[in-house]
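Biologist: Hi! Could you walk me through this one? I'm new to reading structures, so plain words please.

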Amino acid sequence: IMSSVLWPGTVSFLGLILTIVMIGAHSSMALPFGTIMALLGLWIAFAAGNLLGRFLARRGKSRAYPAQVGDLPRTVMPGPWYVQPRIAPFIGGILPFAVMFIAVHYAEAAMWTEHFYYLYGFTILTVLLTVLTAAATSIICVYFFLCWEIANWWWLAFFTPATSGLYVFVYLIYVVSAVIKPQLGAGVFMFLVHAVIVSGSVFLALGSIGLLTTLAYVWYMFSSIKID
């Protein structure tokens, strides 16, 4: 339910507030009523599909663990600084952001300077490389954690590539404040809404990719262990 409501609801609320601000500023960028209803219909369809998938998943058979899990907790020695849960995600998130940096720069420059954006092939290639980098970064970070016998890797697998969204938000703030320099008022608010939606979408998308690929890797790794 949270995946159907939390982020889509946040985006819809920000879009509604932005539309009200644009109407108050007599701007032509305010969304018409038909577009708002179409977006609302897409949200309802997405939520219905999500709830249907959740219902079917709960009715299905659960998969057994690929290896036996001990009931007694073990003492885990603290690892080096780069495997600390509060530090490792911010280190791993640099790599996906470095891959998408050029595409984000040109896309934002074209959007806010009212130029046409022609680099669609380069953007598709960048998206594919970003997905591969996010998956590989998450798997490598979780592998280091497992080498130090740190079993709580779920949130690490999500936050390691997801922190790229935070770097995207910081970069967008820098681009507009230092390069484009919009006037105060509706333009600044529109940019902030745009930055939150873009960075939040990158945060959730890359985090989900990292978690799913790492789960598949860990499942395959432990299912390959043979105990005589």
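Modeller: Happy to! Let's start with one residue: Y143 counts as partly exposed, because its relative accessibility is 40%. Keep in mind that this is a predicted model.

Biologist: Okay, and where does Y143 sit?

Modeller: Y143 lies in helix α5. The C-alpha atom of Y143 is 9.1 Å from that of W153, and the two residues are ten apart along the chain.

Biologist: What about W153, is that one buried or exposed?

Modeller: W153 counts as buried, with 7% relative accessibility. The cut-off for buried is under 20%, so the 7% of W153 qualifies.

Biologist: And which residue does W153 pair with?

Modeller: W153 forms an aromatic pair with W154. Their rings are stacked, with 4.5 Å centre to centre and 15 degrees between the planes. Planes under 30 degrees apart count as stacked, so the 15 degrees of W153 and W154 fit that label.

Biologist: How covered is W154 itself?

Modeller: W154 is partly exposed, at 45% relative accessible area. Its stacking partner W153, as we saw, is buried.

Biologist: Nice. What sort of pair do F158 and F159 make?

Modeller: F158 and F159 pair edge-to-face, with centres 5.4 Å apart and planes at 85 degrees. That label applies because planes over 60 degrees apart count as edge-to-face.

Biologist: Which of those two is buried, and which is partly exposed?

Modeller: F158 is buried, with a relative accessible area of 12%. F159 counts as partly exposed, with 32% relative accessibility.

Biologist: How many aromatic pairs are there by this rule?

Modeller: The count comes to twelve aromatic pairs. There is also an aromatic cluster formed by F97, F101, Y167, Y171 and Y174.

Biologist: Let me zoom out. What is the chain built from?

Modeller: It has eight helices and zero strands. Reading from the N terminus, the elements run α-α-α-α-α-α-α-α.

Biologist: And how much of the chain is buried?

Modeller: Of its 228 residues, 28% count as buried. The chain exposes about 15,500 Å², and carbon and sulfur atoms supply 73% of that area.

Biologist: Which contacts come from residues far along the chain from each other?

Modeller: Take the contacts with a separation of 6 or more: residues 24 or more positions apart account for 80% of them.

Biologist: Can you show me some examples? Let's go back to α5.

Modeller: Sure, try T130, which is in helix α5. T130 is buried, with a relative accessible area of 6%. Leaving aside neighbours within four places in sequence, T130 is in contact with P96, V99, M100 and L206.

Biologist: What does T137 touch, then?

Modeller: T137 is in helix α5 too, and at 7% relative accessibility T137 counts as buried. With neighbours within four places set aside, the contacts of T137 are G92, L95, P96 and T160. P96 appears in the contacts of T130 and in those of T137.

Biologist: And A136, is it buried or partly exposed?

Modeller: A136, in helix α5, counts as partly exposed, with 36% relative accessibility. The C-alpha atoms of A136 and T213 are separated by 8.4 Å, though these residues are 77 apart along the chain.

Biologist: Got it. Which residues does V193 touch?

Modeller: Not counting residues up to four places away in sequence, V193 touches L14 and L18. V193 sits in helix α8 and counts as buried, at 5% relative accessibility. V193 and L18 are 175 residues apart in sequence, yet their C-alpha atoms are 7.4 Å apart in space.

Biologist: Last topic: pockets. How much space lies in the second largest one?

Modeller: The second largest pocket holds about 690 Å³ of space. Its lining has 24 residues, and V11, S12, G15, L31 and L39 lie nearest its centre.

Biologist: Which helices supply that lining?

Modeller: At least two lining residues come from each of α1 (2–24), α2 (33–59), α4 (94–112) and α8 (186–223). The largest share, nine residues, comes from α1.

Biologist: And what is the lining of that pocket like by class?

Modeller: The lining has 20 nonpolar residues, four polar ones and no charged ones.

Conventions. Residues numbered from 1 in each chain as written. Predicted model: local features only at pLDDT ≥ 70, side-chain atom pairs only at ≥ 80, totals over all residues. Heavy atoms only, no water. 1 Å grid on protein atoms, 1.4 Å probe; cavity = no way out; pocket = protein on both sides within 12 Å on 5 of 7 lines; lining within 4 Å. Points joined across faces, edges and corners; volume = space filled by probe spheres on them. Helix = DSSP H or I, 4+ residues; strand = E, 2+ residues; numbered from the N terminus. Nonpolar A, V, L, I, M, F, W, Y, C, P; charged D, E, K, R; others polar. Phe/Tyr/Trp six-rings, centres within 6.5 Å; stacked < 30°, edge-to-face > 60°. Buried < 20%, exposed > 50% of the residue type's maximum accessible area, 1.4 Å probe, protein only. Contact = heavy atoms within 4.5 Å. Areas by Shrake-Rupley, 256 points an atom, 1.4 Å probe, with all protein chains shown as cover.
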